[in-house]
Amino acid sequence: MHCCDVILYVRLTNEYYARDISKKRKIVNKLKGNSGVPLSPPPYGYVKNPDDPRFWVVDPEAAEIVRRIYQMALDGYGLAETAAALERDGICNPTYYWRSKGTNRGGLKSTVEPTKWGHTTIKKILTTQEYCGDVINFKTFSKSYKVKKRIETPEENRAVFLNVHESIIDRPTWEKVQNLKKGTRRKRPTVTQEPSVFSGVLKCPECGGNLNFHFNQGNHDIKFFSCQNHNSGLRKCSKTHYIRVEFLEQVVLYEVNRLACFANEYEDDFLKAIMGQSAKVADNDRARKQRELDGLLARDKELDVLFEKIYEDNVNQKISDTRFAKMSQRYEQEQGENAKKIKALRLELKKSEGQRMDVDTFLATVRRYTNATQITRRMVAELIDHIDVYHAEKKDSVITQHITIYYNCIGAFAVPDRRNIPAAQITMGTRKGVAVSYSPDKTA
């Protein structure tokens with residue numbers, strides 16, 4: 001046997017051996033994961049069960065911190081604010097907490113101070129479904145043992161087991177926090193140190209982008225929102241969609257009071273109206289999102305086939321390792337981007353289904369804000385999905401601003417004019433002496 005033949009034989013032997021070991025490991029993990037046994041170590045707040053190390057039990061000390069983080073999120077605190085509060089109170093971050101308990105966790109060793117909390121740590125805690133008592137296996141996967149990079153698994157391919165261990169956060173609270181955190185929160189201005197309750201909630205109906213929070217440089221008491229894409233340099237949006245925070249607060253408070261009054265005075269009509277509205281909104285939205293999801297899933301399967309083909313070609317030396325690495329990286333990048341979109345669409349579809357079934361909860365929530373006198377973070381989070389802000393239009397020295405409020409569960413809803421339901425014309429003067437008036441529901 002020639003030397004080159006020996007090298008080729010050794011290479012092929014090693015290749016098949018490594019592939020065989022990888023397949024066996026995957027089979028073992030698949031059997032274990034599909035039986036409901038957690039494949040990952042317990043997250044912060046849980047420890048392995050002393051009686052059965054395969055499962056988890058609540059760690060009371062860490063669980064209390066997890067509950068505090070969720071409560072702060074419900075109260076409107078951002079990631080930086082939460083991290084700063086924990087550091088100020090001398091709470092050890094998860095890495096040092098595990099280390100103090102003698103628990104060895106893999107990954108890079110933290111070099112920051114024991115009480116220093118990062119934004120990503122807070123965000124991960126606020127998005128971990130396992131705190132509801134669930135086990136979620138097969139969150140990520142690798143295309144082959146040759147590729148170290150892990151790819152996020154589409155939601156439909158994960159193994160989810162509900163209520164396996166004791167929950168730290170009840171499911172309704174967890175869902176509320178996910179809804180609250182889905183919007184992009186703009187960093188608070190350092191001058192005023194006052195965040196807006198509407199950050200991440202206001203949308204531009206022209207380009208679909210968020211409205212960002214600002215304050216007037218000459219007068220910091222003047223706070224306003226404007227479309228993020230108007231002054232981005234790319235000019236994706238043709239207008240500013242400017243709106244004063246003070247004016248917006250008056251409008252939203254007015255509409256919430258009308259909604260609560262309608263729910264209390266005409267409960268049967270309210271339930272009938274919002275049930276029909278909820279079904280209509282959900283059906284239209286689900287149809288659009290389902291079409292988009294189907295297209296992404298089809299492309300995902302196509303990429304799987306393409307990857308398997310180049311993998312076999314590489315094993316059979318039809319393409320070089322360098323070529324394989326480049327092609328697989330391109331496929332993985334596209335599939336990774338699609339996986340994020342698929343996950344987002346799955347969550348949105350799941351949420352819309354839950355909204356249609358949760359009308360009674362929405363009614364109870366609305367009633368809690370009867371005779372409300374001010375807008376709070378929790379009110380916005382519990383009642384409002386988003387608000388479309390149209391660009392103001394000027395006519396006869398009066399600027400009319402159209403606003404559409406999309407409520408959780410029912411979408412846009414115009415409260416009918418009925419006896420005992422408050423009605424008022426909301427008008428606010430501007431620095432230039434021009435009156436701005438409110439006009440509800442341009443889309444109604």
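**A walk along the strands**

Start by selecting K203 and D388: D388, in strand 11, is the bridge partner of K203. Strands and helices here are DSSP runs (E, at least two residues, for strands; H or I, at least four, for helices), numbered from the N terminus. You're looking at a predicted model, where local features need pLDDT of at least 70, side-chain atom pairs count only at pLDDT 80 or more, and totals for chains, interfaces and linings use all residues. Residues are numbered from 1 along each chain as its sequence is written, and side-chain values use heavy atoms, leaving out hydrogens and water.

Next, select residues 202-203, which are strand 7; this strand pairs with strand 11 in the parallel sense over two bridges. To count as a pair, two strands need at least two bridges found by DSSP.

Now colour residues 384-389, strand 11. Six of its six residues are buried, so the strand is largely enclosed by the rest of the structure. (Buried is under 20% relative accessible area, exposed over 50%, partly exposed in between, with a 1.4 Å probe and protein chains only.)

Add residues 398-407, strand 13: it runs antiparallel to strand 11, with five bridges. Here D388 turns up again, with T404 as its bridge partner.

Hop back to K203 and show N210, in the loop between strands 7 and 8. N210 is buried, at 8% relative accessible area. Its side chain makes a 2.4 Å polar contact with that of K203.

Last stop: strands 8, 9 and 10 form an open antiparallel sheet in the order 8-9-10. Strand 8 (211-215) and strand 10 (243-244) are the edges, each with a single partner strand, so one side of each has no neighbour in the sheet.

Definitions and conventions:
Polar contact = N/O pair within 3.5 Å; in protein donor to acceptor, adjacent residues only side chain to side chain.
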